[in-house]
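Colleague: Could you take me closely through one part of this model, the packing in its interior, and then say how that part sits within the rest of the chain?

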Amino acid sequence: MSNRTLSSIRFGVMTTDSQRHLRIAIIGAGMAGILSAIKLTEAGYTDFTVYEKGDSVGGTWRENTYPGLACDVPSQLYSYSFAPNPNWTQPYSRGSEIQAYFTGVAQERGVIERTRFNDEVKSCEFADGKWHLVTANGHEDVVDVVIAATGVLHHPSMPDIAGLESFGGKSFHSARWDHDAVLDGARVGLIGTGSTGVQIVSAIHDRVERLDVFQRTAQWVLQMPNEPFTSEELEGHQDLDVLRDNHEKLSVAFRRFSNAVIDAESEETAVIGAACLFNLEQNVADPELRERLRPTYTAACKRLIISPDFYEAMQHENVVLVTDHIAEIVPQGVRTDDGVVHELDVLVLATGFHADYFVRPMKVIGRDGVTIDEAWKDRPLAYLSIAMPDFPNFFMLNGPNGPVGNFSLIEVAEMQFAYIEQLLAELSNGTAEISPNREVTLACEAERAAAAAKTVWMTGCNSWYLDDRGIPATWPWPFDRFRDAMAKPNWEAFDLVSATQRGPR
Ligand code: NAP
């Protein structure tokens, strides 16, 4: 029997004395870190620690607390498949409810006890066949495997606008919401009309004296109702079979969307465009405002905005749409190119994130001293978003160039973790080091970049999906291809180092 067969028999099921003991570090206690801890425990791995820079779990759902925060993936789909939640109060739940869900799952499944909070991993260095971690508190750990569950959009991008520091009122990024800022009765300016900005408009427009919305590029908006579930529906959700059925139906519906956006010419993309156009035409009464809100690119080229009521909010009497280019920020507010100073008490920057940071600013040093900054000097690169050449036994969840804009990230992370579990089984079975082959990684990346040309994300708009070459850093193929790729590692794509090859250190 080959080693491979032995290893698959052992995978997640049997442990024997001959198996190599693995110590594992999970970095990040957000959605993917919690998932990793639960799945490791289920598979019988007991020697692991979760490192979390914050004081609680939840990742993006802990860090973002802006008014209107919600998820635009339906909650019954944006739930772990193994932890359906019968108590979601509405189809697209609020951020606080999502954060409570992740906290609850982490508490119930013993993740909290495995987590070192307020302990950011500052560096990870591969030496003598192990990863050596140092945290901000000076704590050191030596592990066989690192699972980086460090999230995607978590480094705020501040706009490069002259005079930003000179503003006299309170000014902050949407992901660093200042809850001491008084909104009620205030003159509030909002820069940015992405998913975040749109949610903020809907949430605060009727609390403020005036809301100036600074729009650089108009957005296509898909209207989705989000009425709270009725008591009958909530009762129905107590039946786990109903919930599982709903999860599957939503997943199938989402796959249709995922498969649409990878082909700019597809009929489904046209249907999405027509639905957005209908929303604009039907729901914005003033023709002049309608034209200023009308995008000039294909719908879904930028991340599609899902909102039940954005246009309604934009027509509220105290909301002002400003489309003139911002010249500078002055102490009194925002001055636009036409010379007008839009006087403000509070300025909110919903200007997005650095989408290419990934595991950084953590210092990661792989084989032969190569750093992640060197390896990614052009742009982030990974084999199937999971692993990197020269960084053995270092695995990522929701890493570079994966399905970020088109699938539910929970579904993605679950499939990726099942794949990583198979790599762990191989390591348990005695293989010392696993890293993807460089040539294979480069060939896969070239194939991915070529396939991206057909997607809607490359039809002529600017968005955070695009890398420095203008190529979308996301999965350009159908959902099924991703699921198949995640089902089983293609071992030919990996360089495996056996314990004998590595020799004594
Ligand atoms: P974003 O989509 O990157 O939008 C940033 C906005 O800021 C854009 O409107 C952009 O204008 C504008 N902007 C940036 N720099 C500017 C400048 N110097 N002057 C004027 N305007 C400027 O960021 P986001 O809205 O935070 O969303 C990021 C992603 O987070 C989303 O696409 C989504 O994946 C995720 N998210 C998800 C949810 C959810 O419900 N699941 C909610 C919020 C966020 P241009 O369009 O002209 O570049």
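**The core, starting from one leucine**

Modeller: Leaving out neighbours up to four places away in sequence, Leu35 is in contact with Tyr80, Phe82, Ala413, Glu414 and Phe417. The model is a predicted one, and every value here is computed from its atoms. Leu35 belongs to helix α2, which covers residues 31–42, and its relative accessible area is 1%, so Leu35 counts as buried, the limit being under 20%. Its contact with Phe417 brings together residues that stand 382 positions apart along the chain, their C-alpha atoms being separated by 8.2 Å.

From Leu35 one can pass by way of Tyr80 to Phe102, which touches Tyr80 as well as Met31, Ile34, Val57, Trp61, Tyr78 and Ile410, again not counting residues up to four places away in sequence. Tyr80 and Phe102 are both among the members of the largest nonpolar core that touch the most other members, a group that also includes Cys124, Trp131, Phe394, Phe395 and Leu424. That core holds 137 residues, and helix α12, residues 409–428, supplies its largest share, namely ten residues. At least three residues of the core come from each of domain 1 and domain 2. In soluble globular proteins, nonpolar side chains tend to be buried together. Apart from the largest core there is another, of twelve residues, with Ile161, Ile329, Leu344 and Leu347 among them.

As for the wider division of the chain, domain 1 is made up of the segments 8–57, 111–155 and 354–498, whereas domain 2 is the segment 164–349. The centres of the two domains, taken over C-alpha atoms, are 32 Å from each other, and where the domains meet, 24 residues of domain 1 are in contact with 19 residues of domain 2.

The ligand has 23 residues around it, of which Asp72, Thr196, Thr217, Lys302 and Trp464 come nearest. Helix α5, residues 195–204, gives the largest share of this shell, three residues. A polar side-chain atom of Thr196 lies 2.7 Å from an oxygen atom of the ligand, while polar backbone atoms take part elsewhere: a backbone N or O atom of Ala70 is 2.9 Å from a ligand oxygen, and a polar backbone atom of Thr193 is likewise 2.9 Å from an oxygen atom of the ligand. Of the 910 Å² that the ligand exposes when taken alone, the protein buries 85%.

Some backbone details in the loops also deserve a careful look. The peptide bond between Arg360 and Pro361 is cis, with omega about 15°, and Pro361 is found in the loop between β17 (346–349) and β18 (363–365). Asn118, a residue other than glycine, has a positive phi near 50°; Asn118 lies in the loop between β3 (115–116) and β4 (121–127) and is partly exposed, with a relative accessible area of 44%. Asp390 also has a positive phi, near 75°, and is placed in the loop between α11 (372–375) and β19 (394–396), where Asp390 counts as partly exposed at 24% relative accessibility.

Terms used. Residues are numbered from 1 along each chain as its sequence is written. This is a predicted model: local features need pLDDT of at least 70, side-chain atom pairs count only at pLDDT 80 or more; totals for chains, interfaces and linings use all residues. Side-chain values use heavy atoms; hydrogens and water are left out. A nonpolar core is a set of buried Ala, Val, Leu, Ile, Met, Phe, Trp, Tyr and Cys residues joined through side-chain atoms within 4.5 Å. Buried means under 20% relative accessible area, exposed over 50%, partly exposed in between (1.4 Å probe, protein chains only). Helices (H or I, at least four residues) and strands (E, at least two) are DSSP runs, numbered from the N terminus. Domain bounds come from an automatic or database domain assignment. Contact means heavy atoms within 4.5 Å. A residue is near a molecule or strand if one of its heavy atoms lies within 4 Å of it. A polar contact is a pair of N or O atoms within 3.5 Å; within protein, one must be able to donate a hydrogen and the other to accept it, and residues adjacent in sequence count only if both atoms are side-chain atoms. Accessible areas come from the Shrake-Rupley method with a 1.4 Å probe; for residues, only the protein chains shown count as cover.
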